[in-house]
Amino acid sequence: MKRFPLHIALGFWAIVTAFPLLWAVTSSVKSDTEILSSPWTVPERPRWENFGRAWNEASIGQYFLNSVIVVGGALFLTMLLGGIAAYTLARYRFPGNRFVYYLFVTSQFFPTFLALVPLFFTVEQMGLLGTKLGLILVYATFATPFTIFFLHAFFRTLPSAIAEAAFIDGCTHWGVFFRVMLPMARPGLVSVAIFNFLGLWNQYLLPLVLNPDPENYVLAQGLAALSTSQGYQSDWSGLFAGLTIAMLPVLLAYVCFQRYIQAGATAGAVK
Amino acid sequence: MSVLTRPVERAAAPAPPAPSQRRRLNRGYGFVIGALAPALVLHLIFIVSPYAQAFYLSLTDWNGVAGKANFVGFDNFARLAGDSLFLDAIKNNLLLLLLMPAATIGIGLFLATMIQRGGANGRSGVKGARFYEIVFFFPQMLSVAIVAVLWGFAYNPNNGLINGVLRAIGLDGLARSWLAEPGLALFAVMAVMIWSGVGFYMVLFSAAIDAIPKEIFEAALIDGSTGWTTFRRITLPLLRDNVQVAFVYLGMVALDAFALVQIMTVGPGGPDGSTEVMGLSLYRTAFEYGKFGYASAMGVALFFGTLVFALVALRGNKNRTELA
């Protein structure tokens, strides 16, 4: 009984956190009239058709697919390029090693806003404005410094005996990386991949500037555009359904893999 | 993202390769070049070059026409000092910086302490700790644009969640147009930032408290220390570094705030510039007005603001070997 006030405090914040999410999910199966007249009661009957409307007519399905392609491509690219660069910087001695490492790592200090204008023109001049390839390249490049920073420390802690043995057995440098070091680095790779996934899925500023074509909108961008565009304001239930489509898969994945995901998400702040 | 490069670097000393291996590795220059080149080329094109150009552009009056950038020295910066909307933006970012990190860290620390030390007799974690942690972390899983859309709805004066709840519990008088009143709008945005940030820092602090040796808390308990004293004299000093890191990260968020303001607020940035932030000014100046030189000057100002904040927040930590 003594713990009761404590559970009130914790329970209060749990409600503050979860209630808006539940409210959005509930609203997604209501009719527009119900949303307008009684914003926080349960619907008379669930209207699943809202989801179909959001997915097709409001193009949420297209945006979702775009996000998956862009984030997936960028994640693969940053893990590959960042991973191999981190490995090289961590375990090979060559002139300029430190310089290259700091060239990558210090860029994390700079706010993205500072690069925004020249970045826009760079991407435009390369003919990549509004293309998925352009977005993938920029996403991957912006995620790489942290990937290198994190995996650099990780590769240093790995024992070198196995790599040495592989070299003696005639393995090439590439072979040692892909067959020996990469598998050994799996825990670090998983953490940084989760961290990068969340960061890239979260992107809003970069696609807003570099991806102006509505057909190519990523999910966050498309949803924001829908909610601010006057034309769609009347379809509240469709918007809530779109919001739910954007939220639920990520939340469900989180509940299933929460330990990994918490570890990955906090990778930037705890070592 | 991380600003902790140097100290961590020093802590994780490299294992020197064995002589035989070193000989072999030194011969791998071809591999080194092949392995670094792709990442390095992309880095130079999309990061180093844009940042370098931004500093130059901030000294020009460029408006997007190729070859027509006139060097104007520090004129853009002089104009910024008299740009009342940009000064509003600085003021709003500073207000966010002053209040938001402190509130987020305060609530996060409180919840983490409750979860870790709140069990019966103050020794162990509270019942259901895992459940609370999972729920508190939810907002961290949502992208900031989605959070903004969600809260834009929740703040809707007619059919939003907040006013709906207030009316349902009979507090009709407190219902407001949260994002339309100049005195309230920025605080409404700030509340969303706190809402979405607390869970992450709670988990971070919770892990840090968990890592403190239990004997220390035992000893304090035996010496008759109350919960509050234990927190102030033991937990807080031992979490100093974590709190500092949290403060730096949250400060960066407070100096940004772009996505929330751009999606949620009227205008955006309104009403009456009351939610204007530096990033929004920059975005509008560049991509709506086409004043790219002037916008770059805003970017440079934002950069130096962030830099000064990070240096101030991390001061006094020079002699420490480990930060996080």
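Start by selecting helix 12 of chain A and helix 7 of chain B: the two are roughly parallel to each other, a label for angles under 35 degrees, while over 145 is roughly antiparallel, 65 to 115 roughly perpendicular and the rest oblique. Helices here are DSSP runs (H or I, at least four residues; strands are E, at least two), numbered from the N terminus.

Some housekeeping before moving on. This is a predicted model, where local features need pLDDT of at least 70 and side-chain atom pairs count only at pLDDT 80 or more, while totals for chains, interfaces and linings use all residues. Residues are numbered from 1 along each chain as its sequence is written, and chains are lettered from A and ligands numbered from 1 in the order in which they are written.

**Stop 1: across the two chains**

Keep residues 219-228 of chain A and 144-154 of chain B selected. Helix 12 of chain A and helix 7 of chain B pack at about 20°, with axes 9 Å apart. Those axes are lines fitted to C-alpha atoms, for helices over the stretch in contact, and angles run from 0 to 180 degrees between N-to-C directions. The crossing of this pair is left-handed, i.e. the near helix is turned anticlockwise from the far one by less than a right angle (clockwise would be right-handed).

Now show side chains. On helix 12 of chain A, pick A:A220, A:Q221, A:L223, A:A224 and A:S227; they meet B:A145, B:I146, B:A148, B:V149 and B:G152 on helix 7 of chain B. Contact means C-beta atoms, placed from the backbone, within 7 Å. Colour by class and you get seven nonpolar, three polar and no charged residues in the contact of these two helices. Nonpolar covers Ala, Val, Leu, Ile, Met, Phe, Trp, Tyr, Cys and Pro; charged is Asp, Glu, Lys and Arg; the others, Gly among them, are polar.

**Stop 2: helix 12's neighbour within chain A**

Add residues 236-256 of chain A, which form helix 13. The axes of helices 12 and 13 of chain A come within 11 Å and cross at roughly 160°, which makes helix 12 of chain A roughly antiparallel to helix 13 of chain A. Pick A:L219, A:L223, A:L226 and A:S227 on helix 12 of chain A, plus A:L239, A:G242, A:L243 and A:A246 on helix 13 of chain A, to see the contact. It splits into six nonpolar, two polar and no charged residues.

**Stop 3: A:F154**

Jump to A:F154, in helix 7 (residues 132-157) of chain A. Is A:F154 buried or exposed? A:F154 is buried, with 22 other C-beta atoms within 10 Å; the cut-offs are 20 or more for buried, 12 or fewer for exposed, and partly exposed in between. A:F154 touches A:A185 and A:G188, leaving aside residues up to four places away in sequence. Measure to A:Y87 as well: its C-alpha atom is 8.8 Å from that of A:F154, though the two are 67 residues apart along the chain.

**Stop 4: the whole interface**

Zoom out. 90 residues of chain B are in contact with 82 residues of chain A. Helix 3 (residues 29-57) of chain B gives the largest share of chain B's side, 19 residues. That side divides into 68 nonpolar, 21 polar and one charged.

**Last stop: chain B**

Hide chain A. Chain B has 15 helices and zero strands, and 45% of its 324 residues count as buried. Select residues 29-52 of chain B: the span is 100% helix, with end C-alpha atoms 29 Å apart.

Methods. Two residues are in contact if their C-beta atoms, placed from the backbone, lie within 7 Å.
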